[in-house]
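Work through the exercises below with the sequence and the 3D structure at hand. Try each task before reading its solution.

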Amino acid sequence: YPRFKGYQKLFNLQFKDVNLNTIVGKAATELYQRGVITGTTNAEFKGENPVNRAETAKFLVNSCKSEKKKSNVNFKDVDKSQWFYNDVKEAAERGIIDGYKDGSFKPAETVNRAQFLKMLSISCNIKENVRKENFKDVQDGDWFAKYAGAADAYDLFPEDKTGDSLEASKLMTKAEVAAGIYQYLKNRDAEAGEVAAETLAE
């Protein structure tokens with residue numbers, strides 16, 4: 001996928017309901033231009049809307065490349081006639097998402113922070129336990145603990161005011177998911193540039 005362009009190169013603001021002076025505005029515009037996200041309409045992003053499992057699957061499939069780990073994954077509530085069928089199928093085959101024990105995917109279910117961190121980490125091949133997190137509400141035995149460090153390492157929730165709490169069960173909005181993906185891509189590329197510069201200096 002192309003390297004992150006950075007908001008300083010953005011032209012023709014797509015959505016009339018975002019502000020480029022905010023992280024969400026930068027994220028929405030950059031990710032739209034990269035083909036990662038779409039708006040509710042051609043002119044509105046509607047970042048305040050809750051983001052569901054189907055939408056998140058689409059965003060993450062378009063964000064990063066990862067190899068398929070499974071084949072012929074099907075869910076009883078995901079039909080070929082639905083707009084998200086191909087994205088959900090690919091996300092499942094790449095191991096980004098899982099279904100429920102009853103064979104369903106529940107595409108309309110809103111994504112929470114813990115689920116988003118897992119999905120992003122798998123989609124973009126973020127190392128588990130990438131950084132020792134200091135969230136007071138994350139215990140070693142929590143299923144999402146190994147993904148929690150990414151929130152801190154890549155500043156995935158930049159407008160969060162909770163400080164030392166992850167609030168793993170907090171339901172996410174479209175704006176928050178877009179900002180999280182944007183922050184990861186931006187900081188990943190900055191990190192890669194620093195490594196390259198260090199290598200050249202040796």
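**Exercise 1.** Leaving aside neighbours within four places in sequence, which residues are in contact with Asn187?

Solution. Contact means heavy atoms within 4.5 Å. With neighbours within four places in sequence left aside, the residues in contact with Asn187 are Tyr154 and Asp155. Next, locate the residue: Asn187 lies in helix H6. Helices (H or I, at least four residues) and strands (E, at least two) are DSSP runs, numbered from the N terminus. The C-alpha atoms of Asn187 and Asp155 are separated by 8.2 Å, and the two residues are 32 residues apart along the chain. Finally, Asn187 has a relative accessible area of 24% and is therefore partly exposed. The classes are buried (under 20% relative accessible area), exposed (over 50%) and partly exposed in between, with a 1.4 Å probe and protein chains only.

A note on the source: this is a predicted model, in which local features need pLDDT of at least 70 and side-chain atom pairs count only at pLDDT 80 or more, while totals for chains, interfaces and linings use all residues. Residues are numbered from 1 along each chain as its sequence is written, and side-chain values use heavy atoms, with hydrogens and water left out.

**Exercise 2.** How many helices and how many strands does the protein have?

Solution. The protein has 6 helices and 0 strands. Read from the N terminus, the order of elements is α-α-α-α-α-α. Of the 202 residues in the protein, 47% are buried. Among contacts with a separation of 6 or more, 70% are between residues 24 or more positions apart.

**Exercise 3.** Which elements give two or more residues to the largest nonpolar core?

Solution. Start with the term: a nonpolar core is a set of buried Ala, Val, Leu, Ile, Met, Phe, Trp, Tyr and Cys residues joined through side-chain atoms within 4.5 Å. The largest one has 57 residues, and those with the most contacts inside it are Phe45, Val88, Ile97, Leu120, Leu166, Ile181 and Tyr184. The elements that give two or more residues are H1 (23-33), H2 (53-63), H3 (85-93), H4 (113-123), H5 (145-153) and H6 (174-201). H6 supplies the largest share, 7 residues. In soluble globular proteins, nonpolar side chains tend to be buried together. Now take Tyr184: apart from neighbours within four places in sequence, Tyr184 is in contact with Cys64, Leu120, Cys124, Ile126, Tyr154 and Leu156.

**Exercise 4.** At roughly what angle do the axes of H4 and H5 cross?

Solution. The axes of H4 and H5 cross at roughly 80° and come within 9 Å. Axes are lines fitted to C-alpha atoms, for helices over the stretch in contact, and angles run from 0 to 180 degrees between N-to-C directions. Angles under 35 degrees count as roughly parallel, over 145 as roughly antiparallel, 65 to 115 as roughly perpendicular and the rest as oblique. H4 and H5 are therefore roughly perpendicular to each other. On the H4 side, Leu117, Lys118, Ser121 and Ile122 meet Tyr147, Ala148, Ala150 and Ala151 of H5. By class, the residues of this contact are 6 nonpolar, 1 polar and 1 charged. Here Ala, Val, Leu, Ile, Met, Phe, Trp, Tyr, Cys and Pro count as nonpolar, Asp, Glu, Lys and Arg as charged, and the others, Gly among them, as polar.

**Exercise 5.** Why is H2 described as largely enclosed by the rest of the structure?

Solution. Count the buried residues: 9 of the 11 residues of H2 are buried, so H2 is largely enclosed by the rest of the structure. Among them are Phe59, Leu60 and Val61. At the start of H2, a side-chain oxygen of Asn52 comes to within 3.1 Å of the backbone nitrogen of Ala54. H3 is also mostly covered, with 7 of its 9 residues buried, and what covers the buried residues of H3 includes H2.

**Exercise 6.** Lys69 and Ser66: which is buried and which is exposed?

Solution. Lys69 is in the loop between H2 and H3, and Ser66 is also in the loop between H2 and H3. Lys69 has a relative accessible area of 60% and is therefore exposed. Ser66 has 19% relative accessibility, so Ser66 counts as buried. Apart from neighbours within four places in sequence, Lys69 is in contact with Glu93, Arg94 and Ile122. With the same exclusion, the residues in contact with Ser66 are Arg94, Ile96, Ile122, Ser123 and Asn125. The side chains of Ser66 and Arg94 are joined by a polar contact of 2.8 Å. A polar contact is a pair of N or O atoms within 3.5 Å; within protein, one must be able to donate a hydrogen and the other to accept it, and residues adjacent in sequence count only if both atoms are side-chain atoms.
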